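User: I should like to go through this model and ask what justifies each of the terms applied to it. Please set every value against its criterion before concluding.

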Amino acid sequence: MKQQSNVDEIVGQRLRELRLRQNITQDELARMLGTSRTTITHYEAGRRPMTVSTIVAIAAALKVPPAALLGALAGPGGSDDMALLSEPALALARILSDHPRLVPSVVDLVETILAQQTTKP
């Protein structure tokens with residue numbers, strides 16, 4: 001059972017990190033999920049395990065993939081990379097996720113900017 005509580009603590013810590021990074025309070029997240037602040041507090045402290053459905057709902061509320069809550073538990077290539085993204089990078093990822101037709105244009109723009117920067121002395 002020790003392993004389970006360790007997992008709950010890791011996922012709870014990831015939840016807290018992701019929530020704070022977006023400047024969302026426990027009360028706000030609780031309202032988004034239709035639950036109480038106390039429940040969010042228990043999730044974050046690892047005192048209450050989250051079901052898969054709960055992880056999916058929290059991820060949707062935070063606009064991150066569910067694997068972002070699992071961090072290193074997601075395995076190789078898991079979502080720890082998400083934790084390394086800055087807020088502007090996360091904002092851009094959210095925009096591109098909501099508007100996938102923009103992806104090719106944004107990639108072209110970034111490649112053009114990078115090419116111009118590498119040719120400058």
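**Grounds for the assignments**

Analyst: Ser97 is found in helix α7, which spans residues 87–98. The model under discussion is a predicted one.

User: What makes Ser97 count as buried or exposed?

Analyst: The relative accessibility of Ser97 is 57%. Exposed requires a value over 50%, so Ser97 counts as exposed.

User: How far apart are Ser97 and Lys63 in sequence and in space?

Analyst: They are separated by 34 residues in sequence, and their C-alpha atoms lie 9.6 Å apart.

User: Where does Lys63 lie, and is Lys63 buried or exposed?

Analyst: Lys63 belongs to the loop between α4 and α5. Its relative accessible area is 58%, and the cut-off for exposed is over 50%; therefore Lys63 is exposed. Its phi is positive, about 60°, although Lys63 is not a glycine.

User: Which residue in the loop between α1 and α2 has a positive phi, and why does that residue count as exposed?

Analyst: The residue is Asn23, which lies in that loop. Asn23 has a positive phi of about 55° and is not a glycine. With a relative accessibility of 69% against a threshold of over 50%, Asn23 counts as exposed.

User: How do you know where the buried residues of α4 sit around its axis?

Analyst: The buried residues of α4 are Thr54, Ile55, Ile58, Ala59 and Leu62. They cover an arc of only 135° around the axis, which puts them on the same side of α4. The face turned away from that buried side carries the exposed residues Val52, Ser53 and Ala60.

User: Which residues of α2 are buried, and why are they said to line one face?

Analyst: In α2, residues 26–33, the buried residues are Gln26, Leu29 and Ala30. Viewed down the helix axis they fall within an arc of 100°, so they line one face of α2. After α2 comes Gly34, with a positive phi near 70°.

User: Why is α2 called roughly perpendicular to α3?

Analyst: The axes of α2 and α3 (residues 37–45) cross at roughly 110° and come within 8 Å. Angles of 65 to 115 degrees count as roughly perpendicular, and the crossing angle therefore makes α2 roughly perpendicular to α3.

User: What residues form the contact of α2 with α3, and how do they divide by type?

Analyst: From α2, the participants are Gln26, Asp27, Leu29, Ala30 and Leu33; from α3, they are Arg37, Ile40, Thr41 and Glu44. The residues of this contact comprise 4 nonpolar, 2 polar and 3 charged.

User: Which members of the largest nonpolar core touch the most other members, and which helices supply the core?

Analyst: Among its 16 residues, Leu15, Met50, Ile58, Leu62 and Leu69 touch the most other members. Helices α1 (2–21), α2, α3, α4 (52–62) and α5 (67–70) each supply at least two residues. The most come from α4, with 4 residues.

User: How many helices and strands does the protein have, and what percentage of its residues is buried?

Analyst: The protein has 8 helices and 0 strands, giving the pattern α-α-α-α-α-α-α-α along the sequence. Of its 121 residues, 27% are buried, a term reserved for relative accessible areas under 20%. Among contacts with a separation of 6 or more, 53% involve residues 24 or more positions apart.

Key:
Residues are numbered from 1 along each chain as its sequence is written. This is a predicted model: local features need pLDDT of at least 70, side-chain atom pairs count only at pLDDT 80 or more; totals for chains, interfaces and linings use all residues. Side-chain values use heavy atoms; hydrogens and water are left out. Buried means under 20% relative accessible area, exposed over 50%, partly exposed in between (1.4 Å probe, protein chains only). The arc is that of the directions from the helix axis to the C-beta atoms. Axes are lines fitted to C-alpha atoms, for helices over the stretch in contact, and angles run from 0 to 180 degrees between N-to-C directions. Angles under 35 degrees count as roughly parallel, over 145 as roughly antiparallel, 65 to 115 as roughly perpendicular and the rest as oblique. Contact means heavy atoms within 4.5 Å. Ala, Val, Leu, Ile, Met, Phe, Trp, Tyr, Cys and Pro count as nonpolar, Asp, Glu, Lys and Arg as charged, and the others, Gly among them, as polar. A nonpolar core is a set of buried Ala, Val, Leu, Ile, Met, Phe, Trp, Tyr and Cys residues joined through side-chain atoms within 4.5 Å.
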